[in-house]
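Biologist: I have the model open next to the sequence. Can we go through the charge pairs and the empty spaces?

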Amino acid sequence: MTLLSQEIRPESIEKVRSTRKRVTRRTSIVLTVVILIWFGLFAARVLLGDFTITIPDFFRIAFGGAQMPPATFILMESKLPAAVAGTLAGLAFGASGSAFQTMLRNPLASPDVLGVTLGSSAAAVFALVVLGWSGLSMSLAALLGGMFVAAAINLLAGRDSAATYRMILIGIGISAGLSSFIQWMLQRTSIYRAQDAMVWLTGSLSVIPWDGVLRLAITVAVLLPLLVASLNGLRLLELGDDTALALGLNAARLRLTVSVLVVILCAMATSVTGPIAFIGLLSGPIARRLCGGRPNILVAAFVGAATVVGADYIGTYLIPNTNLPVGVITGIAGAPVLIFLLLKSRATIKDG
């Protein structure tokens, strides 16, 4: 009786409310700062570089009020689609990585590490170099490839306490097989198609058609809010299935819903920009650290957007005498983070 009375004391309730308000205020500040960083990088990618465009000229060109053929072409066919596609892909990959990591309670459980992104890539390359597909047909092929890999990983991993670690190992194994399959396809096609596919496989924003940007924008606008809305349920899953069930959460249905949303987002982003490396892996832990140890899908999404746009600006303009695809820059940044997370997970297993 004494314990119960202590749990429901007004000062205890007020302390919980105060903590919740403090967490909400911190999250709002972090989200605002991350959005401002993304916006600054977006503006730099669009306005600066080898060909500088002033802010008044940007609005005149964007709204069709100026006849400036060179500037119009550079802005509307190169700079702006790259920045918009990079933002949308970063939102999709960042949110997907955070959702998977929270759902599976493992910082390594991002779509690229698990092989979901590579499954979409393999299907898209098959559609591109073997079937000659492009556009929406290629996006549908990427979706089927990602869903196939996600289903295979879930079936092979099982449902016991070690399922998450088995999923990572199975995903790495499937990724190795898919990489070999992609290399085999590239060897059997023409050198021109193989070259185009290799640039796309690296993750590139150099040539992004507006119809691809539109498809990705619609996908992100519809699915990202649904993924963000699942955050409360995913936080309950972090407490364990039994606790989540006791609190009225259908864990199996939530996992299926989140998995479908993640696969569609990753497949559509991959079909447009290629598999930009490690964005899903990087964004979730960074967002969690910024938010005081709590996962936040929306913050992770904008961390991903800022990372992709910033990496594209670095690869395009800041490295002398070369133009590196965005996937090369994110790969260089993500490799040491992956090693760090692997070592951290190993230490956690030993302590456990």
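Biologist: Which helix do Arg60 and Asp57 lie in, and how many residues apart are they?
Modeller: Both lie in helix 3 (residues 55-62), 3 residues apart, about one turn of the helix. Helices here are DSSP runs of H or I, at least four residues, and strands are runs of E, at least two, numbered from the N terminus. Residues are numbered from 1 along each chain as its sequence is written, and side-chain values use heavy atoms, without hydrogens and water. This is a predicted model, where local features need pLDDT of at least 70 and side-chain atom pairs pLDDT 80 or more, while totals for chains, interfaces and linings use all residues.

Biologist: What do Arg60 and Asp57 form?
Modeller: A salt bridge, with the closest N and O atoms 2.4 Å apart. The term means a side-chain nitrogen of Lys or Arg within 4 Å of a carboxyl oxygen of Asp or Glu.

Biologist: Is Asp57 buried or exposed?
Modeller: Asp57 is buried, at 17% relative accessible area, whereas Arg60 is partly exposed at 40%. Buried is under 20%, exposed is over 50%, and partly exposed is in between, using a 1.4 Å probe and protein chains only.

Biologist: How many salt bridges does the structure hold?
Modeller: There are 4. One of them joins the side chains of Asp312 and Arg45, at 2.5 Å from N to O. That pair links distant parts of the chain, with Asp312 in helix 15 (residues 297-318) and Arg45 in helix 2 (residues 10-47), 267 residues apart. Asp312 and Arg45 are both buried.

Biologist: Switching to empty space. What is the volume of the largest pocket?
Modeller: About 1200 Å³. Of its 46 lining residues, those closest to the centre are Phe100, Gln101, Met103, Leu104 and Arg105. A pocket is an open set of points on a 1 Å grid over the protein atoms alone, with protein on both sides within 12 Å along at least five of seven lines; a cavity is a set where a 1.4 Å probe fits but cannot get out, and lining residues have an atom within 4 Å of a point. Points are joined across faces, edges and corners, and a volume is the space filled by probe spheres set on them.

Biologist: Which helix gives the most to that pocket lining?
Modeller: Helix 13, with 7 residues.

Biologist: And how much space lies in the largest cavity?
Modeller: About 40 Å³. Its lining residues include Phe93, Asp112 and Ile276.
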